[in-house]
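Thanks for making time this morning. I would like to walk through one model with you, going slowly from single residues to the contact between chains, so please have the viewer open.

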Amino acid sequence: MSVHVCLFAIFVLLSGCPAGIWAARRPGGSALIYSVCAAVAAVMAGTALGVLVRPGETAGAVLPMGVPWLQAHFEIDALSAFFLLVINLGALAASIYGMGTGRSEPEAGRILPFYPLFLAGINLVLLAADAFTFLLSWESMSLASWALVMAHHRQSETQRAGFVYIVMAAFGTLALLLAFGLLAGTGGNYAFSQLRQAGPDAGLGVVVLLLVLIGAGSKAGLAPLHVWLPLAHPAAPSHVSALMSGVMTKVAIYALLRILLDLLGGVQWWWGALLITLGALTAVMGVLYALMETDLKRLLAYSTVENVGFIFIGIGLGMAFQANGMNAAAALAYSAALFHVLNHSWIKSLLFLGAGAVLHATHERRLDALGGLIRRMPYTAFCFLVGSAAIASLPPLNAFASEWLTLQAILLSPDLPQWLLRFLVPAVGALMVLAAALAGAVFVKAFGIAFLGRPRSAEAEAAQETNRHAGAAMTMLVVLCVLAGIFIGPVLHVIQPAVAAIVERPALPGFGIADIAFVAPTGVGGGSYSGFFVFLFVAMSAWGAALAIHRGASRATRRSPAWDCGFALNHPAFQYGAGSMAQPLRRIFGTVVFRATETVEMPPPGSVEPARYCTTQRDPAWDLIFTPVAGVVAAIADRIDGLQFLSIRRYLAMMFAGLVALLILVALWR
Amino acid sequence: MLVGLLLQGLQMALVLALAPLLVGWVRKVKARLTRRRGASVLQPYRDIFRLLHKEAVLADNASWLFRVAPYLVFAAIWVAAALVPTYATSLAFSEAADLIVIVALLGSARFFLALAALDAGTSFGGIGASREMMIAALAEPAMIMLVFSLALVAGTTSLSAVAEHMLTGDVGLRVTLGLALIGLVIVAVAENGRIPVDNPATHLELTMVHEAMVLEYSGRHLAMIELAAAVKLVLYVSLLGTLFAPWGIAQFGAGPQALAIGIGAWVGKLAVAGLLLGLFETSIAKMRVFRVGEFLGAALLLGLLGTLLLFVSRNL
């Protein structure tokens, strides 16, 4: 039943694609399309929640479409239901936001047809139960999002982003295609139920693992395949950025879990070692990029890279535990990873919507052109502040809870038998907490420079509060983030069926629907945390202190110019900017990893030229991997170019030689 | 339950009441060591009282965040301090938060203070916020790694349980505990803005960090921040005492006599720690801001080394 509801909802979304072409030319058309998308997302989220709360039944459907010998299979199990829930709540918020800003969008005709298609593609990936449907949905998700990235295609930055994105997306899909080919073997059975039983041998399993890491990892933003992400995510319209960063990266996580843990199976401990290493590097690299970034939306995209790293650490720990039969610890690690999937999806959607509101109000993404928005856009500022505090993993908000659970899982890992893991896990833990602490610095910078201080440009000076649809979308996400941080037990309870789909587990203590107060995953005497009580405790202390002081002491207040140690020059340019905020940490970390340099150009004495201060940094992923690879590809292309200008005799000879070579190959294969 | 709540309330009151005294004591020690008479040890109380009754001057473009932040900072630090066993373990709220949460609560306080520093839009606020976040970005992971090594020794991250484990006596002398002690002292010095990382007595200097952040604050807001800083010092001293000198702490279900001994021992530990801090601060010079990275990097590596050793063998 539930799968039919979802398929009908997706049909509605798909019909929204041609309707979008029609709607783009009409006033009120965009509001119609976005409200339909919002309604569909709400229905899907409700259905998914229903499946999670009443687990047990896996509903499937087979439609007579697609390849002749293979029909299109669809299925909802607990894992896909969890991701459907996460994704459609994000999609709901983005669609509500779209209702507000869609009206003033100059390129509506380039967005409206593709937006429902993108949502349909994302949802179909989660419902697909055969390789063909999966890849088709995956590719339509990629192409629809590419079209959305290219919406403002006249900006040269967008063109570059679109090019890099389409190359990476095609490359990733190719890797997944090959992975499914290996999984299916020579039998040609592409339904997931048959793939599960087939199971390739160990050697091919390694290749499948690597291919999936490339395919799903490039979509999720795993370093060093993350390079497209900070280009493409910010280039899209903001609610699409929210979808790409908050939602589409989670679809990639789903693909990874589905293929590796469900279809391939037979987890090895070194898979875990590989994933936590990649995850830790991704987290630290992502946050360091974010630290040095001066563009608000690019900063958020890099922070997505960091959080994907956290999720990979959780999954990798789970794999390491699972391979060693420590199922309770594995369940804890997977719970932490899935909880972070949910948290990051909501927080990042919230932050991108907030950035979108700022962009809409000021037409500026550069942090150094913003400032003082807390006075001009107070509600947006409040929402962005909650998002910033949440993503900096501050208690009692939600991302802290998932980070805390991951740290508890790390503390269980000395019991792992493999020496490599024992050396690796503490180092990964250190890198993870380093990344989390740096995220605090990143978001002090992001919020502090954009919303606090004095306006650094005329646009920021003239900013207006955002519309009520955007406000409603952000409010929804703020409420979700706060509730998920305070009531951890019920959220973990909803996640548990999805965890149970990955690993056989004993019931974890403190993960019940009624366990509102405490989470104590390692049992009595272990560490415990209560978001509810910490929240209550801090709120009461702050309120009590404020009340006591206002009643008993002074409440007199006076306004005066800022003192600033008597520094008389009062120009906004004297404030710290995004670059100067990051300077101490850039000096510590950036000089090694990014070869960051600072140069000061002083004008000669007597000159009235301004002095200039320049910073440069290089991206090691581009320098070491992508630029050389692109060079090799270009060189090969140059060589092959000669083949275009041969005579017909030569072409025939080459075809003949090719045929002979293939026949010899077939003869040898037998 | 009621007893637990009473003990918890008493601890919160005691922490708050003694915090300015510790600050006054450290100042007195430092004054005597530099052959000055110094102010009375009660001077911080007078300062806070005076600030509380003055009007607060706000910068023209300070937002609501600037006014809310002092209370949030104070509450987060006070709650964190309430969770550290000072004179008794198993307080009513100790289950609500373990060591990682305490570290994170201090992180929350710092986050809001740094934002408040940026709010007025002044260059000193910016310099303070940016440097504070640099120090935090190194001190916080170092602290968590130290927490890891302590948690691995005790088998839990719950601070009450760690303290009781340290009291049992079968912990013994361990390499990892030694590493953790050095690391924790480094982190405590940095987090409290003491010499050699920052100078709490300085003003109008380009090297200041914490003082630069709170430069725009006045009146009751400044009082809250000063009080929060004092509570934070008590917190770190109590934490060091609980972990590395747990003697005298009353255990679960102890009678009034044990509690009195616990309070006496705690006050004694604060006095000794204040003396040592004063000695340390007068005998060392402040370091350049950009050398703080190396200083705190040492703490981070000590924590990592301790954790690695414990991953190799639980007995190290």
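Let me begin with a question: is S393(A) buried or exposed? Before I answer, please keep in mind that what you see is a predicted model, in which local features are taken up only at pLDDT of at least 70. S393(A) is buried, because 29 other C-beta atoms lie within 10 Å of its own, and the cut-off for that class is 20 or more. The residue sits in the loop between α16 and α17 of chain A, and its phi is positive, about 45°, although S393(A) is not a glycine. For background, most residues other than glycine have a negative phi, and most peptide bonds are trans.

There is a second residue of this kind in chain B, namely R35(B), which has a positive phi of about 60° and is likewise not a glycine. R35(B) is placed in the loop between α1 (2-33) and α2 (43-52) of chain B. Its surroundings give another class, since R35(B) has 7 other C-beta atoms within 10 Å and is therefore exposed.

On the peptide bonds, I would point you to two places. The bond from A223(A) to P224(A) is cis, with omega near 0°, and P224(A) belongs to the loop between α9 (202-220) and α10 (229-235) of chain A. In chain B, the bond from I195(B) to P196(B) is also cis, with omega near 10°, and there P196(B) falls in the loop between α7 (175-191) and α8 (210-213).

Let me return to chain A and to the helix that precedes the loop of S393(A), which is α16, residues 378-391. C383(A) is part of that helix, and it counts as buried because 25 other C-beta atoms are found within 10 Å. If we set aside residues up to four places away in sequence, C383(A) touches L350(A), G354(A), M474(A) and V478(A). The C-alpha atom of C383(A) is 9.7 Å from that of V479(A), a residue 96 places away along the chain.

V482(A), in helix α20 (residues 468-486) of chain A, makes a useful companion to that case. V482(A) has 17 other C-beta atoms within 10 Å, so it is classed as partly exposed, and beyond its neighbours within four places in sequence it is in contact with V386(A) and L397(A).

Turning to the domains, chain A is divided into domain 1 (1-199 + 209-265), domain 2 (268-545), domain 3 (575-616) and domain 4 (623-669). The C-alpha centres of domain 3 and domain 4 of chain A are 49 Å apart. Within the range 575-616 given for domain 3, you will find strand β4 (residues 597-601), which lies largely in the open because zero of its five residues are buried. β4(A) runs antiparallel to strand β5 (residues 612-616) of chain A, and five bridges join the two; T597(A), for instance, has T616(A) as its bridge partner. β5(A) is hardly covered either, with a count of zero buried residues among its five.

That leaves the interface, where 73 residues of chain A are in contact with 76 residues of chain B. On the chain A side, α18(A) provides the largest share, 16 residues, and by class the residues of this side divide into 47 nonpolar, 19 polar and seven charged.

Which sense of pairing do β3(A) and strand β1 (residues 56-59) of chain B adopt, parallel or antiparallel? They pair in the parallel sense, over four bridges, and S560(A) stands opposite A59(B) in β1(B).

The last item is a helix pair across the interface: the axes of α23 (residues 578-593) of chain A and α5 (residues 123-154) of chain B come within 8 Å and cross at roughly 30°, and the crossing is right-handed. On the α23(A) side the residues that meet α5(B) are S580(A), M581(A), Q583(A), P584(A), L585(A) and I588(A), and their counterparts in α5(B) are G126(B), S130(B), R131(B), M134(B) and A137(B). By class, this contact has six nonpolar, four polar and one charged residues.

Conventions:
Residues numbered from 1 in each chain as written. Chains lettered and ligands numbered in written order. Predicted model: local features only at pLDDT ≥ 70, side-chain atom pairs only at ≥ 80, totals over all residues. Axes fitted to C-alpha atoms, helices over the stretch in contact; angles between N-to-C directions. Left-handed = near helix turned anticlockwise from the far one by under 90°. Contact = placed C-beta atoms within 7 Å. Nonpolar A, V, L, I, M, F, W, Y, C, P; charged D, E, K, R; others polar. Buried ≥ 20, exposed ≤ 12 C-beta atoms within 10 Å, placed from the backbone. Pairing = 2+ DSSP bridges. Domains from an automatic or database assignment.
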